[in-house]
Amino acid sequence: MSSRCFALVLGLLGVALLSVGCDATARRVRTDLCLRCNVVVVSFDTLRADHVGFHGYRRPTTPSLDRLAARGVVFANAISQSAWTRPAHASMFTGLYPSEHGLVAVDRNVALDPRQPMLASVLRANGYATAAFTGGGNMSAHFGFDAGFETYRSPGRRLADGLTDVEAWLDTVADRPFFLFVHGYDAHRPYRSTAEDRAAIGIGPTPPSMGINRACREARGPADLAPYVDEYDAAIHHGDRAIGRLLDSLARRGRMDDTVVVVTSDHGEEFLEHGTCFHIRSLYREIVHVPLVYYVPGVDARRVPQLVPASVSLAPTILDIVGVGKRLREGPSLAAFLDGRRVPTFDYVVSETAIRYPGRRYGHVRALTGERDKLIRWTLEQRHEYFDLTTDPGETRPERQAARARPLLRHLDLWLAAHPPRDVVVAATRMPVRLREELRELGYVE
């Protein structure tokens with residue numbers, strides 16, 4: 001542990017060695033596992049880890065991802081830093097936690113600070129061609145996500161919508177290392193699929209007649225939403241087919257031997273496991289446990305069981321892998337996991353979300369996820385829930401008065417002192433009407 005982190009622990013707690021990222025930051029080093037290799041990052045929006053084949057799901061939802069995972073490093077316990085699209089992706093691009101970059105609450109029309117170094121800008125400054133093809137909405141350039149990208153387009157909601165543009169762009173960068181970011185809302189409501197997807201996972205050809213919003217309001221429990229989970233799974237398969245096409249495009253161009261491929265998600269989806277549907281509001285496991293796969297040429301396939309932060313680690317890890325170096329603010333890197341060296345320890349991983357819809361009292365929510373226990377704290381409501389994950393892995397039996405929660409509450413205070421929230425956020429320009437409609441369809445604007 002670094003002296004700075006150790007002193008902070010002593011000063012605030014009077015005890016030593018409670019680490020939420022301090023230890024990981026101190027051990028971060030360059031590894032150059034794939035020096036100046038190309039980088040492709042695929043963000044499969046709203047994909048919860050337990051609905052993915054390589055995590056043992058009962059349905060064949062992700063055959064393309066499963067094939068990539070068989071060649072890559074799978075992080076089995078990867079935890080997102082937020083419960084919705086904008087803050088989680090901002091953490092992926094900057095290495096900062098949501099409170100630090102300022103994109104936390106769902107009702108605020110704020111953008112990333114253009115002065116903040118981001119993954120694309122660092123790679124571009126080091127000679128990389130940069131392009132992104134996204135599903136728009138919360139990934140719109142309106143929110144500052146286009147910083148550092150020479151090409152930034154949002155051709156449609158789903159992953160497949162941008163593939164023609166992706167393939168055309170790949171043909172223009174044969175003489176330069178490139179960074180390609182691809183994103184789609186395939187698994188986001190409203191869930192959409194084709195007959196091919198439905199047949200592939202073994203469900204009937206006809207979707208439910210009732211809309212998912214009404215079904216969620218009228219359902220008595222998760223079992224009543226089984227037909228909508230079917231729709232979610234079919235939509236996942238649709239996105240997976242697009243990923244297969246992208247990987248095939250790279251292989252046809254002979255780029256799999258010099259390209260790092262990362263596939264992850266920003267958050268999962270809830271189907272009344274904890275009383276609500278969709279995401280944003282809560283930080284339970286079905287929301288924050290996400291898939292995370294790194295394919296690095298020359299690195300042996302393996303499965304990493306340790307707890308890791310999925311979002312804030314993405315940019316630092318990629319920069320380490322390709323040898324660009326540490327040009328972002330301090331952030332945890334997972335590169336040591338890839339080459340088998342002594343790995344960092346994440347005792348707990350922090351996630352954050354906030355919602356301020358008029359008349360609703362959700363406020364700011366933070367969670368500490370550990371290997372054996374977990375704490376969720378609602379700041380506005382001044383309450384918390386503690387879970388013993390060894391006996392309650394589904395986080396269904398909160399121990400609100402548990403004495404074991406007290407050190408985790410102090411632990412969270414320590415983390416907040418080390419990661420102070422931004423006092424000033426950057427207001428975005430007036431939101432375009434088309435973007436507002438995109439966000440309304442996704443459920444972010446009422």
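Buried here means under 20% relative accessible area, exposed means over 50%, and partly exposed covers what falls in between. Keep those cut-offs at hand for this tour of a predicted model.

**The whole chain**

Start with everything on display in cartoon view. The protein holds 15 helices and 16 strands. Colour by burial if your viewer allows it: of the 446 residues, 61% are buried. The accessible surface amounts to about 17100 Å², and carbon and sulfur atoms account for 50% of it. If you draw a contact map, look away from the diagonal: among contacts between residues at least 6 apart in sequence, 72% join residues at least 24 apart.

**The open sheet**

Next, select the strands S5, S4, S6, S1, S7, S10, S2 and S11. In that order, these 8 strands make an open sheet with mixed pairing. Which strands stand at the edges? They are S5 (151-153) and S11 (302-309); each has a single partner strand, so one side of each is left without a neighbour in the sheet. Turn the view to look along the strands: on average, neighbours in this sheet are rotated by 15° against each other, direction ignored.

Now zoom in on S1 (residues 38-44) and S7 (residues 259-264). The two run parallel and are joined over 6 bridges. For a landmark, pick Ser43, whose bridge partner in S7 is Thr264.

**Helices on the sheet**

Keep S1 and S7 in view and add S6 (178-184) along with helix H4 (residues 85-94). H4 lies across S1, S6 and S7, and runs at about 165° to S6. Then add H10, which also packs on the sheet and touches S1, S6 and S7. The direction of H10 makes about 170° with that of S1.

**An enclosed helix**

Select residues 314-322, helix H12. How many of the residues of H12 are buried? The count is 9 of the 9, so H12 is largely enclosed by the rest of the structure. Show side chains to see Leu314, Ala315, Pro316, Thr317, Ile318, Leu319, Asp320, Ile321 and Val322, the buried residues of this helix. Their surroundings are worth displaying too: they pack against S1, H4, helix H6 (119-125), S7, strand S10 (292-295) and helix H13 (335-338). Step on to Gly323, which follows H12 and has a positive phi, near 80°.

**Around Ser99**

Move to helix H5 (residues 98-101), where you will find Ser99. Is Ser99 buried or exposed? Its relative accessibility is 4%, so Ser99 counts as buried. Show the side chains around it: Ser99 has a side-chain polar contact with Glu352 at 2.3 Å, and another with the side chain of Arg366 at 3.1 Å. Leaving aside residues up to four places away in sequence, Ser99 touches Val104, Glu352, His364, Arg366, Pro421 and Arg422.

**Salt bridges**

For the last stretch, show the charged side chains; the model has 27 salt bridges. Begin with Glu167 and Arg252, whose side chains meet at 3.8 Å, N to O. This pair links distant parts of the chain, with Glu167 in helix H7 (residues 163-170) and Arg252 in helix H10 (residues 226-252), 85 residues apart. The two ends sit in contrasting surroundings. Glu167 has 15% relative accessibility, which is under the 20% limit, so Glu167 counts as buried. Arg252, at 59%, is over the 50% limit and therefore counts as exposed.

Then select Asp258 and Arg255. Their salt bridge has its closest N and O atoms 3.2 Å apart. Asp258 is partly exposed, with a relative accessible area of 27%, whereas Arg255 is buried at 14%.

Go on to Glu381 and Arg383, where the closest N and O atoms of the salt bridge are 2.6 Å apart. Which class does each partner fall in, buried, partly exposed or exposed? Glu381, at 30% relative accessibility, counts as partly exposed, and Arg383, at 32%, counts as partly exposed as well.

Finish by selecting Arg48, Asp50 and Glu273. Here salt bridges with shared partners join the three residues into one network.

Conventions. Residues are numbered from 1 along each chain as its sequence is written. This is a predicted model: local features need pLDDT of at least 70, side-chain atom pairs count only at pLDDT 80 or more; totals for chains, interfaces and linings use all residues. Side-chain values use heavy atoms; hydrogens and water are left out. A salt bridge is a side-chain nitrogen of Lys or Arg within 4 Å of a carboxyl oxygen of Asp or Glu. Helices (H or I, at least four residues) and strands (E, at least two) are DSSP runs, numbered from the N terminus. Buried means under 20% relative accessible area, exposed over 50%, partly exposed in between (1.4 Å probe, protein chains only). Two strands pair if DSSP finds at least two bridges between them. Axes are lines fitted to C-alpha atoms, for helices over the stretch in contact, and angles run from 0 to 180 degrees between N-to-C directions. Contact means heavy atoms within 4.5 Å. A polar contact is a pair of N or O atoms within 3.5 Å; within protein, one must be able to donate a hydrogen and the other to accept it, and residues adjacent in sequence count only if both atoms are side-chain atoms. Accessible areas come from the Shrake-Rupley method with a 1.4 Å probe; for residues, only the protein chains shown count as cover.
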